[in-house]
Every structure is written in structure tokens, then in C-alpha cells.
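The exercises below are meant to be worked through with the sequence and the structure side by side. Try each task before reading its solution.

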Amino acid sequence: MSGLGLVLHPTRDVTEVVEIIERWATRHRKTLYVSEEDQHRVPSSVEPVPADQVASRADALISIGGDGTMLGALRSAVRDPKPVLGVHLGRLGFLVEIEPPGLPDALSRLLSKDFTVESHACLACDVCGDDVVAFNDIALVRQPGAGFVSVTLAIDGQQYGYYRSDAVVVSTPIGSTAYSYAAGGPLISPAADSVVITPAAPMAGISRAVVLSPDEKIRLELQPNSSPVVVEMDGLVFRDAATEGAVDISYRRDAGLVVRFDPLRYQERNQLKMTLLDLPFLPEQLRELLPEELRRRSQELPPPADPPPCATAGSAG
């Protein structure tokens with residue numbers, strides 16, 4: 001491995017994490033690359049290159065931020081997927097694994113290839129003639145106060161119906177826990193190959209989520225009576241106020257590579273996050289996910305006292 005590309009959160013302070021990486025790279029004589037737009041945020045030893053060349057110059061990418069930054073790093077390398085190592089800043093995400101204190105060891109393991117790669121699919125989309133990719137979802141969203149999204153659905157060229165709703169969300173399995181879930185869609189296992197189409201606040205037409213094969217081609221076409229539509233890609237606005245046209249969507253396997261050092265621990269952490277999405281854990285399962293010190297302290301606490309008789313279930317009021 002000769003070089004690493006840095007993908008930075010657009011607004012958070014990344015100084016501490018970048019300095020850790022820069023010191024490691026200096027010791028190991030590795031080149032660091034960053035986009036020219038972020039040159040002012042990193043030490044002078046980091047080589048600035050055009051944004052679309054960061055992934056092609058590097059052997060691996062380091063995403064510094066949260067899940068949104070990680071998704072951006074995956075999109076930047078979609079033409080030639082490179083391993084992406086995620087480093088947390090702020091809230092815990094679904095994709096990001098490493099905390100800043102563990103970064104030096106993680107970089108050394110990356111150098112020695114002591115890691116596994118988790119493969120992710122994306123949605124390859126033709127949006128009114130422009131090619132984009134989305135690792136979570138692509139959504140057609142109404143403009144507030146301008147009516148509803150009205151689109152027809154075709155699968156492999158066959159018309160299947162229409163949507164009239166606040167939004168229509170098409171997601172990958174990892175994206176099923178994001179916008180699609182908030183709109184009432186199902187949780188899909190990351191191990192599954194599938195595409196989910198979910199309407200948000202449907203008024204007419206198809207009102208339930210639809211799960212499709214990854215080999216089926218999807219076409220959503222705006223109707224003349226539709227509200228102007230905002231097209232979002234992984235939560236970012238790609239096209240604003242579209243009034244006509246179509247979005248063609250296909251599923252692309254192995255489009256992104258995520259570095260994993262402890263896949264089991266990562267899976268356990270994601271299970272914990274899933275409890276926030278109405279999949280409750282048993283108490284002993286939650287205890288196992290606590291840091292060791294807190295787990296030991298929780299075992300030393302006495303059991304809760306029995307409630308007084310007047311507070312027991314079924315007591316007379």
C-alpha cells in the first residue's frame with residue numbers, strides 16, 4: 001500500500017484525526033491525498049488532488065465523519081472500488097467502525113492487510129439522462145405546498161401502477177433502515193440482495209412497500225399532474241424542482257468495499273442500534289454490549305427491591 005485518500009466530513013473539525021493519520025503516514029512513508037477543496041483543512045504534507053482523483057490515486061480511503069461521509073467515500077470509488085475505513089466523529093453510525101483512539105492500530109492492520117472486506121451494493125440510476133449512484137436510497141420528494149409526487153412504476157418495461165404520495169423511496173438493504181423505514185418500509189437484512197420501493201404518506205395508487213429482485217429494472221416516470229419533484233441521492237439533493245422525466249434504477253452488486261476488523265462486534269453494535277427501530281433486545285443481550293467496566297459494575301449492583309404491595313400489578317385502586 002503506497003497511498004491513502006482522506007474523505008472529510010464537510011463541516012466538523014477533523015484536525016485531531018487527520019494529525020493522527022499524518023503522523024502514522026510519515027512514520028511509514030505513505031502518501032496521503034485529499035481533495036483540493038479540503039486542502040486548507042489538512043497539513044501541508046497531504047497532497048491535494050482533484051476530488052474525482054482521490055479514490056483513483058489511493059490504495060484505500062479513510063472516511064472521517066459519520067455514515068454520510070462514509071457513503072460519499074463509497075460513491076467516490078464506485079468506478080474502481082477501494083477499501084474504505086470509517087472513523088467516527090460525533091454520533092455513532094451504522095457503517096463506521098473505528099474510534100479515533102483506535103486509529104493507529106487500525107492503520108497498521110490496514111497496512112498488513114489484517115482485515116476483512118464487507119461488500120455493499122448500490123443503486124445505479126439514470127436521472128433524466130444523468131448518471132448517479134446511491135448506496136442507501138434514491139428518493140423523489142414533493143416540494144412543500146405544491147401538491148404530491150405522482151409517478152408511474154414500471155418493472156422490466158411492464159407497467160405496474162402509480163404512486164401519489166409525499167415521496168417515493170427506492171432503497172438498498174443497508175438503506176432500508178433509513179428513509180424507507182421512516183416511511184413505513186420493512187427492515188431488510190444486509191445479507192439479502194433486494195430493492196425496496198416505499199411510498200411516504202400515500203394518498204392514492206400503490207400504498208405499501210414493494211420488495212423486488214436485484215435483477216429487475218425499475219423505472220419511475222413523472223406524470224403531468226405531479227408536484228415539482230426534488231430528487232435526493234443518499235439524502236443529498238441531486239436535482240431540484242424537476243417537473244418531467246424519468247428515473248431508471250438498477251441494482252449493482254459489489255459496488256463498495258468497507259473495511260471490517262471485528263465483524264462480530266460490528267454486528268452486535270448494529271443489533272443494538274436496531275433496538276431503536278423496534279427490535280428489542282433481552283436484558284442480558286444489552287448487558288453484553290456494554291463496555292467491560294460498565295458491565296462489571298452492573299453485575300455488582302444489588303437486584304432491585306420488590307415494590308410495596310400497593311404498587312404490585314393487579315392491586316386494587
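**Exercise 1. A residue in a strand**

Task: Find H120 in this predicted model, list the residues with which H120 is in contact beyond its neighbours within four places in sequence, and decide whether H120 is buried or exposed.

Solution: Begin with the contacts, which, once neighbours within four places in sequence are left aside, are L95, F135, I174, D254, A255, G256 and V258. Next, place the residue in its element, and you will see that H120 belongs to strand β6, which covers residues 116-127. Finally, turn to accessibility: the relative accessible area of H120 is 5%, and since buried means under 20%, H120 is therefore buried.

**Exercise 2. The chain as a whole**

Task: State how many helices and strands there are in the chain, and what percentage of its residues count as buried.

Solution: Counting the elements first gives eight helices and 18 strands. Of the 317 residues that make up the chain, 44% count as buried. A further step looks at contacts between residues at least 6 apart in sequence, and among these, 65% join residues at least 24 apart.

**Exercise 3. The nonpolar cores**

Task: Identify which residues touch the most other members of the largest nonpolar core, and then follow the contacts of L220.

Solution: The largest nonpolar core has 28 residues, and the members that touch the most others are I138, V170, I218 and L220. Taking L220 as the example, and not counting residues up to four places away in sequence, you should find that it touches L140, V151, T152, L153, Y163, V168, V170, G245, A246 and V247. There is also a second, separate core, which has 27 residues and includes V17, V46, A60 and A106.

**Exercise 4. Two helices that cross**

Task: Describe how helix α1 and helix α4 are placed with respect to each other, and which residues make the contact.

Solution: Helix α1 spans residues 15-28 and helix α4 spans residues 103-111, and their axes come within 10 Å and cross at roughly 45 degrees. Because an angle under 35 degrees would count as roughly parallel and one from 65 to 115 as roughly perpendicular, α1 and α4 are oblique to each other. The crossing in which α1 passes α4 is right-handed. On the α1 side the contact is made by V17, I20, I21, W24 and H28, and on the α4 side by L103, P104, L107, S108 and L111. Sorted by class, the residues in this contact are eight nonpolar and two polar, with no charged residues.

**Exercise 5. Loop residues**

Task: Determine where C128, A201 and P202 lie, and examine the phi values of C128 and A201.

Solution: Start with C128, which is found in the loop between β6 and β7 (130-134), and which has a positive phi of about 50 degrees although it is not a glycine. With a relative accessibility of 36%, C128 counts as partly exposed. Move on to A201, in the loop between β12 and β13, where phi is again positive, near 50 degrees, in a residue other than glycine; A201 is partly exposed, its relative accessible area being 42%. Last comes P202, which lies in the loop between β12 (195-200) and β13 (204-205) and, at 32% relative accessibility, counts as partly exposed. Not counting residues up to four places away in sequence, P202 touches R164, S165 and S207. Its C-alpha atom is separated by 9.4 Å from that of V149, although P202 and V149 are 53 residues apart along the chain.

Notes: Residues are numbered from 1 along each chain as its sequence is written. This is a predicted model: local features need pLDDT of at least 70, side-chain atom pairs count only at pLDDT 80 or more; totals for chains, interfaces and linings use all residues. Side-chain values use heavy atoms; hydrogens and water are left out. A nonpolar core is a set of buried Ala, Val, Leu, Ile, Met, Phe, Trp, Tyr and Cys residues joined through side-chain atoms within 4.5 Å. Buried means under 20% relative accessible area, exposed over 50%, partly exposed in between (1.4 Å probe, protein chains only). Contact means heavy atoms within 4.5 Å. Axes are lines fitted to C-alpha atoms, for helices over the stretch in contact, and angles run from 0 to 180 degrees between N-to-C directions. Helices (H or I, at least four residues) and strands (E, at least two) are DSSP runs, numbered from the N terminus. Angles under 35 degrees count as roughly parallel, over 145 as roughly antiparallel, 65 to 115 as roughly perpendicular and the rest as oblique. A crossing is left-handed if the near helix is turned anticlockwise from the far one by less than a right angle, and right-handed if clockwise. Ala, Val, Leu, Ile, Met, Phe, Trp, Tyr, Cys and Pro count as nonpolar, Asp, Glu, Lys and Arg as charged, and the others, Gly among them, as polar.
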